[in-house]
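User: I would like to go through this model with you, taking the bound ligands and then some of the protein itself. Could you answer a few questions about it?

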Amino acid sequence: MRVLKFGGTSVGTIASLRNVLSIVEKASKEDRLIVVVSAFGGVTDQLLKAGLLASKNDPSFNSVFDAIKRRHLEVATAFGIEEETTSKLYSYLSELEDMLRGIYYINELSEKTTNRLCAYGELCSSLLITEAMKLEGLSVNRKNATELIITSNGKSKQTIRYAATNANITSYFQTSSERITVLPGFVAATETGELTTLGRGGSDYSAAILAAGVAASEVQIWTDVSGMFTANPKLVKQARPIATISYQEAMELSHFGAKVLYPPTIVPVMLRRIPIQIKNTFSPEAAGTLITHEGTERTLSVSGLTNIDSISLITLEGTGIVGIPGISKRLFETLSQQSINVILITQASSEHSICVGILDNEASFAKQAIDSEFENEIQLEKMQPLLVETNLSIIALVGDNMKNHQGISGKMFSTLGKNNINIRAIAQGASEKNISAVIASKDVKKALNALHERFFEDQRKQLNLYIAGVGNVGGKLINQITQQKQYLKEKLNLNIRVIGITNSRKMHFNTDGISLKDHKTLLEVEGVLADMDVFIKNAISLNKRNSIFVDVTASDLVAASYSKFLKQSIAVVACNKIACSSDYENYRNLKELSTKYNAPFLFETNVGAGLPIIDTLANLMASGDEITSIEAVLSGSLNFVFNNFKKEATFHDTVKQAQAEGYTEPDPRIDLSGIDVARKILILARESGMEMNLEEVINKPFLTEENLNSSSVSHFYETLKKDEAYFQKILGKAQKKGAQLKYVAQLKDGKASVGLEEIPEGHPFYNLEGKDNIVLFYTKRYHEQPLIIKGAGAGGEVTASGLFSDIIRMRTY
Ligand code: ADP
Ligand code: ASP
Ligand code: MG
């Protein structure tokens, strides 16, 4: 015999009921079946709601009742169920209505009445499903489970009387020869015939008890997901079904929140080694999960992740409890007297505090009871009144194999830490099958996804980007990401998603990732008014793992936002130089925040676009080298200008051309005044460990006063035209010496300077072409011949690719 259980999710709609019928029909050809059904999806909740409203004297219980009634009658009609059955249904419904009226009049809802009330869900569903099967031509009979399953009492915390139950089941199925027997799940009775229920989600348990009673060959739990997943698939998209799992693991997973299986279900079948299969009513061909005695040999250390929401932490704390025996005993006895379920316990080794995780709705009872139990101690100030924290959740790592692997908790906590998830309490089962942590409920989804990535996705990582500035460089960055997406996925196991984009006018978000090909249109058409504060708030509240803010602007306002991101452990990647060249305190603060919150702050493109200058410097410093001096040509724009400035081409025209080709900032004065180069050498000085500010960089400008004081970009060009003779003179002087003009940055003896230099032939700068940059690092190790980095140091493509490689660096982080 086989037991098939269909949950509320499988019998929720007329369409899903049709699936149920076809699954049962097929299975009945192979074996005799016991079919256990839940109430139609959501009906138990509705019954409880109606009861509660009635008990509060609220007449709106009537409309809830009407909805329940309608739902059942609709099913009856859809399946063409005959009058006789419908009259039985009507009599159930009128009993239910009477009961609700009674509750309404006496304003009381006892546990006993709640049980009877809830039972109608399963009584009605089993009635209709049986009839629908008959109409399909199946050989089927309905049996009320209250006549078979016997519990110790009518309270919510009862146990199954197995001797009586098994005897009932055996004798019934020995006498009945029906091919299919349908039973309502969830319901049972005491020895004296009082109706009881097996707890929320209890139909799974009914199925297991029946399976044990008839020594079935297997139990199939049919639900709305294809098995027990590595994490709740509704929260973790990447979660996947676990093919096989041991009873113990399944039990641990369900105890810690994997709702797909009601926790007590395992016990009766485990004793008889009856396998459980979890199957999907909406995709019957999917393999699902097989739960057996053995599980399988697995290389994975962790089998699954779970979460329990609506948790409160209660903490008993005080010097008065240190070393005094019996405090915990009194605490737990008080909780047990109140029938409060303890989900997790941690105690500081100082014995100074005991912390217990319980369900939110029991927290106020717990507080009352415990404060009154310890009234004396609280009055004598040996102890503080019970501390209650709410809106928490427990997340747990579960696996038989965890005990054989080192460092699992280390990985777990570092993953949570990197994602700025605060851990309120930790507990590890002595069996090492489970490590759990209490965190804020708002962080659960992020935590599960980050942990899932860490433990199940073969080092696969998803990066979530928020990009400010999608113009020239930003647009190229998005193109590069689009082009590389597949490669990164396949070769580096890296999945990059852009969640938010903004320019100075509009911003746009999509939590599942913006379609990059259409990003321009999306921004224009669906974008809302840009607001940096809102952009930051959204990025923070979306609370995604591995978040990165990318600044591709030249804006002060955007640069001022970095600290807000870093404090949320959101990494910052910037080509905007403003932050790193701003006041030293600000730069240092950002670096400190980056360390403190474990969030990379990367700005390789601040100097030399995509050239690996800052990274090389960081590696030199980290490996103990010391910088003695730096000589560099760091302005692609100025290099372009001076390489193209010839007698025949005026200085004015050369600058114009540089701007037209995108080699200068929109305001070319930022390049030509040397301020941009000064910022770059300042950043290199700081990265070499010096405390320096921009004012301290000696800037010997080659522009005239008039050029520098020009009122606008067009005015600036006019002044250039006027001063042509002056520029020709500078050029002529250099040419006479056979020298090249280069705008050079230097760091030497603790001083930084920038200025135009005449470079003689033979010098490494002499042949620097186009818009190239070059940096010479003289260090303790590279003292005779410098370490040289040279290459294209300006331009949209190379800057975008520098940003891109900073972003990809997060994969090993
Ligand atoms: P039924 O009504 O069929 O009994 P439940 O709602 O009780 O269904 O259980 C199925 C649900 O359990 C799934 O829809 C899923 O959201 C949830 N769930 C939580 N954790 C897991 C997990 N690890 N694997 C599968 N499902 C899970
Ligand atoms: N109908 C009950 C509930 O919703 C039992 C079950 O579905 O397993 O809790
Ligand atoms: Mg269930």
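Analyst: The answers below concern a predicted model, and they take the ligands before the helices and a loop.

User: Which residues are the closest to ligand 1, and how many residues surround it?
Analyst: The closest residues to ligand 1 are Thr9, Thr223, Asp224, Phe229 and Lys234. They belong to a shell which, taken by class, divides into seven nonpolar, six polar and four charged residues. The number of residues that surround ligand 1 is 17.

User: What percentage of the area that ligand 1 exposes when taken alone does the protein bury?
Analyst: Side chains reach oxygen atoms of ligand 1 at several points: an N or O atom in the side chain of Thr9 is 2.7 Å from one such oxygen, and a polar side-chain atom of Thr223 also lies 2.7 Å from an oxygen atom of the ligand. A polar side-chain atom of Lys259 lies 2.9 Å from an oxygen atom of ligand 1. Taken alone, ligand 1 exposes 570 Å², and the share of this that the protein buries is 91%.

User: Which residue has a side-chain N or O atom 2.6 Å from an oxygen atom of ligand 2?
Analyst: The residues around ligand 2 are Ser38, Ala39, Thr44, Glu122, Phe186, Arg200, Gly201, Gly202 and Ser203, and by class they comprise two nonpolar, five polar and two charged residues. Among them, Thr44 has a polar side-chain atom 2.7 Å from a nitrogen atom of the ligand, whereas Gly202 places a backbone N or O atom 3.4 Å from an oxygen atom of ligand 2. Taken alone, ligand 2 exposes 260 Å², of which the protein buries 87%. The residue with the 2.6 Å side-chain approach to a ligand oxygen is Arg200.

User: Is the crossing of helix 2 and helix 4 left-handed or right-handed?
Analyst: Two packed helices are described by the angle between their axes together with the distance between those axes. For helix 2 (residues 43-55) and helix 4 (residues 83-106), the axes come within 7 Å and cross at roughly 35°. The handedness of this crossing is right-handed.

User: How many residues of the contact between helix 2 and helix 4 are charged?
Analyst: Helix 2 contributes Leu47, Ala50, Gly51, Ala54 and Ser55 to the contact, while helix 4 contributes Leu96, Leu100, Ile103 and Tyr104. By class, these contact residues include seven nonpolar and two polar, and the number of charged residues is none.

User: How far apart in space are Ala286 and Asn643, C-alpha to C-alpha?
Analyst: Ala286 lies in the loop between strand 10 (276-280) and strand 11 (289-292). Leaving aside neighbours within four places in sequence, Ala286 is in contact with Ser226 and Lys279. Ala286 and Asn643 are 357 residues apart in sequence, and their C-alpha separation in space is 67 Å.

Definitions and conventions:
Residues are numbered from 1 along each chain as its sequence is written. Chains are lettered from A and ligands numbered from 1 in the order in which they are written. This is a predicted model: local features need pLDDT of at least 70, side-chain atom pairs count only at pLDDT 80 or more; totals for chains, interfaces and linings use all residues. Side-chain values use heavy atoms; hydrogens and water are left out. A residue is near a molecule or strand if one of its heavy atoms lies within 4 Å of it. A polar contact is a pair of N or O atoms within 3.5 Å; within protein, one must be able to donate a hydrogen and the other to accept it, and residues adjacent in sequence count only if both atoms are side-chain atoms. Accessible areas come from the Shrake-Rupley method with a 1.4 Å probe; for residues, only the protein chains shown count as cover. Ala, Val, Leu, Ile, Met, Phe, Trp, Tyr, Cys and Pro count as nonpolar, Asp, Glu, Lys and Arg as charged, and the others, Gly among them, as polar. Axes are lines fitted to C-alpha atoms, for helices over the stretch in contact, and angles run from 0 to 180 degrees between N-to-C directions. Helices (H or I, at least four residues) and strands (E, at least two) are DSSP runs, numbered from the N terminus. A crossing is left-handed if the near helix is turned anticlockwise from the far one by less than a right angle, and right-handed if clockwise. Contact means heavy atoms within 4.5 Å.
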